[in-house]
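Work through the exercises below with the structure in view. Each task is followed by a solution in steps.

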Amino acid sequence: MSEEQLNLLVIEKLENKILFFSSGTIFWVNLNKIKEAILEKFPQIDKIEISRNFPNNLDVLVTERKGLATFCHEEKCFILDKEGIVFDPIRNDISNEARENQLLIKIIDKSETEPYNLGKRVIEKEDLIWLLEINSQLNEDLNIPVKEFIISSGEKLTVLTQEDWELYFNLQEDVKWQLTKLKALLEEKIPENKRKDLEYIELRFGNFANPRYKD
């Protein structure tokens with residue numbers, strides 16, 4: 001986010017308000033209106049505080065959103081924060097920023113939804129928390145690197161692994177139980193050297209994880 005652009009926007013709003021006051025006082029300025037204008041213009045901002053510093057200054061403190069994941073829908077990708085809000089489009093370049101984005105977890109939305117706007121929530125915070133828990137358990141406890149998460153219509157979450165086999169979760173049901181079933185299956189029946197033969201593991205139904213192998 002450009003600090004210069006932010007300053008210009010604040011100055012513009014101030015000039016509109018104090019143009020007809022010879023003293024140029026900031027007493028007449030509506031701080032909430034300035035906040036609204038800034039948040040609408042800059043979806044990268046998470047929080048903003050504006051205070052009067054008499055006689056003629058405003059102090060503006062902003063906290064920018066931090067990227068937690070990349071979120072893709074209909075060929076367009078965005079940066080997603082911890083609240084499930086998209087705030088910045090992703091560019092296809094080789095900049096340092098692009099390289100950093102590649103390190104974020106990737107979520108693909110294949111549900112039939114309207115195109116997303118910056119500054120809007122695209123995934124419920126609770127669902128995002130469970131998705132992060134799944135990612136942590138798979139990578140750290142089960143040594144299953146994740147390639148991407150795929151959200152589809154209904155309650156199905158597909159996890160595509162780096163080994164190109166899939167896991168099927170239901171975020172509306174007990175995710176911890178689904179992870180427990182997965183861990184038991186892998187420890188008892190599927191050693192790491194056999195995982196490449198998997199097509200998918202179904203975790204949404206019953207008391208056991210159900211694997212399917214490639215033909």
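**Exercise 1. Determine the handedness of the crossing between helix 4 and helix 5, then describe their packing.**

Solution.
Step 1. Helix 4 passes helix 5 in a right-handed crossing. A crossing is right-handed if the near helix is turned clockwise from the far one by less than a right angle, and left-handed if anticlockwise. Helices (H or I, at least four residues) and strands (E, at least two) are DSSP runs, numbered from the N terminus.

Step 2. On the side of helix 4, the contact is made by Trp130, Glu133, Ile134, Gln137 and Leu138, and on the side of helix 5 by Val175, Lys176, Leu179 and Leu182. Contact means heavy atoms within 4.5 Å.

Step 3. The axes of helix 4 and helix 5 (residues 175-188) come within 11 Å and cross at roughly 20°. Axes are lines fitted to C-alpha atoms, for helices over the stretch in contact, and angles run from 0 to 180 degrees between N-to-C directions.

Step 4. The two helices are therefore roughly parallel to each other. The classes are: under 35 degrees roughly parallel, over 145 roughly antiparallel, 65 to 115 roughly perpendicular, and the rest oblique.

A note on the source: this is a predicted model, in which local features need pLDDT of at least 70 and side-chain atom pairs count only at pLDDT 80 or more, while totals for chains, interfaces and linings use all residues. Residues are numbered from 1 along each chain as its sequence is written, and side-chain values use heavy atoms, with hydrogens and water left out.

**Exercise 2. Give the strand order of the nine-stranded sheet and place the two helices on the sheet strands.**

Solution.
Step 1. The nine strands form an open sheet in the order 5-4-3-6-7-8-9-10-11, with mixed pairing. Two strands pair if DSSP finds at least two bridges between them.

Step 2. Strand 5 and strand 11 (210-213) are the edge strands, each pairing on one side only. From one strand to the next, the twist averages 25°.

Step 3. At one edge, strand 4 and strand 5 pair in the antiparallel sense over three bridges. Leu80 stands opposite Val86 in strand 5.

Step 4. Helix 4 lies across strands 4, 6, 7, 8 and 9, running at about 155° to strand 7. Helix 5 lies across strand 9, strand 10 (198-202) and strand 11, at about 150° to strand 9.

**Exercise 3. Describe how strand 1 and strand 2 are joined and paired.**

Solution.
Step 1. A hairpin of three residues joins strand 1 to strand 2.

Step 2. Strand 1 (residues 45-53) pairs with strand 2 (residues 57-64) in the antiparallel sense over eight bridges. The bridge partner of Asn53 is Asn57 in strand 2.

**Exercise 4. How many salt bridges are found in the whole structure, and what does the one between Asp46 and Arg65 tie together?**

Solution.
Step 1. A search of the whole structure finds eight salt bridges. Each is a side-chain nitrogen of Lys or Arg within 4 Å of a carboxyl oxygen of Asp or Glu.

Step 2. Asp46 and Arg65 meet through their side chains in one such bridge, at 3.6 Å from N to O. Asp46 lies in strand 1 and Arg65 in the loop between strand 2 and strand 3 (69-73), so the pair ties together parts that are 19 residues apart in sequence.

Step 3. Asp46 counts as partly exposed at 27% relative accessibility, and Arg65 as buried at 16%. Buried means under 20% relative accessible area, exposed over 50%, and partly exposed in between (1.4 Å probe, protein chains only).

**Exercise 5. Trace the salt-bridge network that includes Glu83.**

Solution.
Step 1. The side chains of Glu83 and Lys82 form a salt bridge at 3.1 Å, N to O. Glu83 is buried, at 18% relative accessibility.

Step 2. Glu83 also bridges to Lys125, with the closest N and O atoms 3.4 Å apart. Lys125 lies in helix 4 (residues 125-141) and Glu83 in the loop between strand 4 (76-80) and strand 5 (86-89), so the pair ties together parts that are 42 residues apart in sequence.

Step 3. Lys125 is partly exposed at 37%. Salt bridges that share partners join Lys82, Glu83, Arg121 and Lys125 into one network.
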